[in-house]
Amino acid sequence: MTTIEGKSIAVRHERIDEASAGQRIDNYLLRIAKGVPKSHVYRILRSGEVRVNGGRVQQTYRLAEGDEVRIPPIRVAEPTRTAPAPAGKPLPVVYEDDALIVIDKPAGKAVHGGSGVSYGVIEQLRAQRPEVRMLELAHRLDRETSGLLIVAKKRSALTALHDMMREGRVEKRYLTLVPGRWNNPLQHVKVPLHKYLTAEGERRVRVSEEGKPSHSIVRLVRRWRDYSFLEVELKTGRTHQIRVHLTHLGFPLCGDDKYGDFALNKRLEGEGLKRMFLHAARLGFEHPLTGQAMSFEAPLPAELQSFIDALGAAEKAHG
């Protein structure tokens, strides 16, 4: 799409391909007409200037493959020029087919650009795969968290994955290390979480009755004198859910720089743990297009496994 400051672009007709099929018409227009105010996009939809197969449609209309969309002349601003994301090293791919990719995301890498990060996994993946028409995150992981991440290659797969996650039909299990002795072999944690911004504009989450319902299932995997190794299954996918649930119970994640025990983190860093101990270890779901049962596991990264091994060795040495 040519973008010219202050000038109208001529009427265009777009044929919807497989990558865009299933997307709402308003979201489709916002995506292809970057720089156009949302209010203008909704105005041309309400007025009937946008046509699909010659007829008017509501803003909630979902596009089908083969639809022809008439887009009226619209004014767009000159886009901000940003440097393209470098392709970098190939990301570790656990599984790939024509509908999705499952990646074992390294810790320290954001899933997308923003908030002071110029690019993340999705921008890097697009740079590495310029021939793929669509690549979109199906969900997110915190920058500090390693492990399994799903990227959709088709709009239909993305929509189906979002529906499955909303309905709790995607199994997500994480591994974490916390200070102290966790006693219960299995414990359900159901406390509501509220998202807010700090005075500095940073995103935070706290337990609050005003928050959204949140549910984690915590299983004890192994316990040492001073630490507990836990598996946490997410039944809801709230921001920072595991970190806030466990901190609320008095078991902050080792290495967590937002909700953790900062004095402990400093000591752990000296002992070799230089990151937050949280790893997305397991994913289970039905393939969004075929319905086939899918299950993936990612082993602990070397730096986390070596720390666990050192804990075991130290405890053994002390009897």
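User: Looking at His240, buried or exposed?
Analyst: Buried, with a relative accessible area of 6%. This is a predicted model.

User: Where is His240 placed?
Analyst: In the loop between β13 (227-234) and α5 (241-248).

User: What about the phi of His240?
Analyst: It is near 55°. That is a positive value in a residue other than glycine.

User: Which other residue has a positive phi although it is not a glycine?
Analyst: Asn53 is one, with a phi of about 55°. Asn53 sits in the loop between β2 (51-52) and β3 (68-71).

User: Now pockets. What volume does the largest pocket have?
Analyst: About 1500 Å³. It is lined by 45 residues. Closest to its centre are Arg140, Asp142, Arg203, Thr239 and His240.

User: Which elements give two or more residues to that lining?
Analyst: Two helices, α4 (155-166) and α5, and three strands, β8, β10 (193-197) and β11 (203-207).

User: And cavities of 30 Å³ or more, how many?
Analyst: One. Its volume is about 30 Å³. The lining is His139, Leu148, Lys172, Arg173, Tyr174, Ala280, Arg282 and Leu283. Strands β8 (171-179) and β14 (278-286) each give two or more residues to that lining.

User: Switching to charges. How many salt bridges?
Analyst: The count comes to 27.

User: Which residue does Arg219 meet in a salt bridge?
Analyst: Glu231, at 3.6 Å from N to O. Arg219 is in strand β12 (residues 215-223) and Glu231 in strand β13, so the pair ties together parts that are 12 residues apart in sequence.

User: Is that pair buried or exposed?
Analyst: It is mixed. Arg219 is partly exposed at 22% relative accessibility. Glu231 counts as buried because its relative accessible area is 18%, under the 20% cut-off.

User: What else does the side chain of Glu231 make a polar contact with?
Analyst: The side chain of Arg173, at 2.9 Å. Not counting residues up to four places away in sequence, Glu231 touches Arg173, Tyr174, Leu175, Ile217, Val218, Arg219 and Val221.

User: What about Lys235, which residue is its salt bridge with?
Analyst: Glu233, with the closest N and O atoms 3.5 Å apart. Lys235 is partly exposed at 38% relative accessibility, whereas Glu233 is buried at 7%. Salt bridges that share partners put both into one network with Glu171, Arg173, Arg219, Glu231, Arg282 and Glu297.

User: And Arg166, which residue does its side chain meet?
Analyst: Asp163, in a salt bridge of 2.3 Å, N to O. Both lie in helix α4, three residues apart, about one turn of the helix. Arg166 is exposed at 60% relative accessibility. Asp163 is partly exposed at 26%.

User: Which buried lysine has no salt bridge?
Analyst: Lys105 is one. The nearest side chain of opposite charge, Glu144, is 7.3 Å away. A salt bridge needs the atoms within 4 Å, so that pair does not qualify.

User: So what does the Lys105 side chain reach?
Analyst: The backbone oxygen of Lys109, at 2.7 Å. Lys105 itself lies in strand β5 (residues 100-105). Beyond its neighbours within four places in sequence, its contacts include Val111, Val121, Leu141 and Asp142.

User: Moving on to Glu18. Where is it placed?
Analyst: In the loop between β1 (12-15) and α1 (25-32). Glu18 is partly exposed at 38% relative accessibility.

User: How many residues apart are Glu18 and Ala64 in sequence?
Analyst: They are 46 residues apart, with 8.1 Å between their C-alpha atoms. Leaving aside neighbours within four places in sequence, Glu18 is in contact with Glu65, Lys154 and Arg155.

User: And Gln292, what does it contact?
Analyst: Phe285, Glu286 and His287, leaving aside its neighbours within four places in sequence. Gln292 lies in the loop between β14 and β15 (293-297).

User: Last, the overall picture. How many helices and strands?
Analyst: Seven helices and 15 strands. The C-alpha atoms fill a box of roughly 80 × 45 × 45 Å, taken along the principal axes. Of the 319 residues in the chain, 46% are buried. Among contacts between residues at least 6 apart in sequence, 63% join residues at least 24 apart.

Conventions
Residues numbered from 1 in each chain as written. Predicted model: local features only at pLDDT ≥ 70, side-chain atom pairs only at ≥ 80, totals over all residues. Heavy atoms only, no water. Helix = DSSP H or I, 4+ residues; strand = E, 2+ residues; numbered from the N terminus. Buried < 20%, exposed > 50% of the residue type's maximum accessible area, 1.4 Å probe, protein only. Lys, Arg positive; Asp, Glu negative; His and termini not counted. Polar contact = N/O pair within 3.5 Å; in protein donor to acceptor, adjacent residues only side chain to side chain. Contact = heavy atoms within 4.5 Å. 1 Å grid on protein atoms, 1.4 Å probe; cavity = no way out; pocket = protein on both sides within 12 Å on 5 of 7 lines; lining within 4 Å. Points joined across faces, edges and corners; volume = space filled by probe spheres on them.
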